[in-house]
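Biologist: I would like to go through this model with you, one question at a time. Please start with the term you will need for burial.

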Amino acid sequence: MSLQTHIVGVGGYLPERILSNQELSKMVDTSDVWIRERTGITQRHIIAQDQQTSDLAVEAAKQALDDAGLTIDDIDALIVATTTPDMVFPSTASVVQYKLGGKDFPAWDIQAVCSGFIYGLAQADGMMRGGMFKRVLMIGAESMSRIVDWKDRNTCVLFGDGSGAVVLESREEEGGMIGSVLHCDGSYRQLLMAEHQHTRHEPGKPIDFSMDAAGVAAIEMKGNEVFRVAVNKLGEVVGEVLDKYGLQKSDVDWLVPHQANIRILNATAKKMKMETGHMVVTVGEHANTSSASVPLALNHLYRQGSIQTGQILLLEAFAAGFAWGANLIRWSKS
Ligand code: ACO
């Protein structure tokens, strides 16, 4: 039989510092009730002053490698999906490779914002089925707090920091990645963006929550319009990926969505006629961690011991760009 891409290790990491809605309501004109009712978020994790995105990535990667019973020497390629790289260049992936003690194998970043992990899994799967790599370390890692305008209540309540990772292995064995669909429509690019390349929040210094972000990278969003398109496109993409691979909505055991807003999650679950108990929800504790959100949600589900071998998982995300997509997986890890 042909090569199939299997998930053999899963990991996740959240920085220690928690920023609650109550604390945020002392910084901007908002309230715990507004944030919970409109988004489902109660808290978010914030990167430490001496950490960078690569440090978050390394923690998740170590856990995933450990879970797989492998070391960095067993890895053939490393991909980091991030929209908050340590630097403009080199890639965060190359920094992560160094920090993990890896050598020589290719390492690169993917930028598809909150859909980065979905894009990365699709890319790795295609390369691995073609025989290019045997084992790939796929990470999503973000320090969104460094590009948030902490004076803008419309956006600062939504985001958090963290990382998630999987180890992928190609084998001539049934199961694993079934397939993916990816989309991007750049005509929507101005509805959600962080226009400038650099952040004034410097690594090694505490995040200055009182900073005026004008003139530096800061998230700007037309929330209502993003919300409307997200609900539509996610509804379409879950139908599309199931049709493409000959599956029904009722075949899906676990929906692992990007965690942006509980109302978006519930709308997608409703379209799939999926009981909410079969949808992973971490947005309350993690907020929107962009490309880390899907692997963190997967890690959460996995660590609960909820996934049975042979079950079908549907991963999906919607992001700035707009870029969106979905992956279907038949769980093959025991
Ligand atoms: N606290 C209190 N009031 C607030 C806050 C806040 N934090 N933020 C906005 N408001 C106010 C607004 O000013 C507005 O007041 P007004 O009526 O007096 O003008 C009112 O609340 C309603 O604002 P809306 O924007 O209509 O609120 P909505 O119900 O749409 O919720 C939200 C806003 C949560 C941003 C929602 O639109 C959303 O989740 N959008 C999608 C986000 C998303 O999915 N992003 C995609 C991925 S992110 C990525 O790719 C990086």
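Modeller: A residue is called buried when its relative accessible area is under 20% and exposed when that area is over 50%. The model is a predicted one.

Biologist: Is asparagine 288 buried or exposed?

Modeller: Asparagine 288 sits in the loop between α9 (283-286) and α10 (293-303). The cut-off for burial is under 20%. Because its relative accessibility is 6%, asparagine 288 counts as buried.

Biologist: With which side chain does the side chain of asparagine 288 make a polar contact?

Modeller: Beyond its neighbours within four places in sequence, asparagine 288 is in contact with several residues, among them Cys114, Met144, Phe159 and His258. The polar contact of its side chain, at 3.4 Å, is with the side chain of histidine 258.

Biologist: In what order do the five strands form the open sheet?

Modeller: The pairing in this sheet is mixed. β1 (4-13) and β5 (107-110) each pair on one side only and are the edge strands. The order is β1-β7-β6-β4-β5.

Biologist: Which residue in β7 stands opposite glutamine 4?

Modeller: β1 pairs with β7 (residues 161-171) in the antiparallel sense, over nine bridges. Opposite glutamine 4 stands arginine 171.

Biologist: Which helix packs on the sheet and touches β1, β4, β5, β6 and β7?

Modeller: Helix α3 (residues 53-68) lies across β1, β6 (135-143) and β7, at about 125 degrees to β1. The helix that touches β1, β4 (77-81), β5, β6 and β7 spans residues 116-129, and its direction makes about 170 degrees with that of β6; this is α5.

Conventions
Residues numbered from 1 in each chain as written. Predicted model: local features only at pLDDT ≥ 70, side-chain atom pairs only at ≥ 80, totals over all residues. Heavy atoms only, no water. Pairing = 2+ DSSP bridges. Helix = DSSP H or I, 4+ residues; strand = E, 2+ residues; numbered from the N terminus. Contact = heavy atoms within 4.5 Å. Axes fitted to C-alpha atoms, helices over the stretch in contact; angles between N-to-C directions. Buried < 20%, exposed > 50% of the residue type's maximum accessible area, 1.4 Å probe, protein only. Polar contact = N/O pair within 3.5 Å; in protein donor to acceptor, adjacent residues only side chain to side chain.
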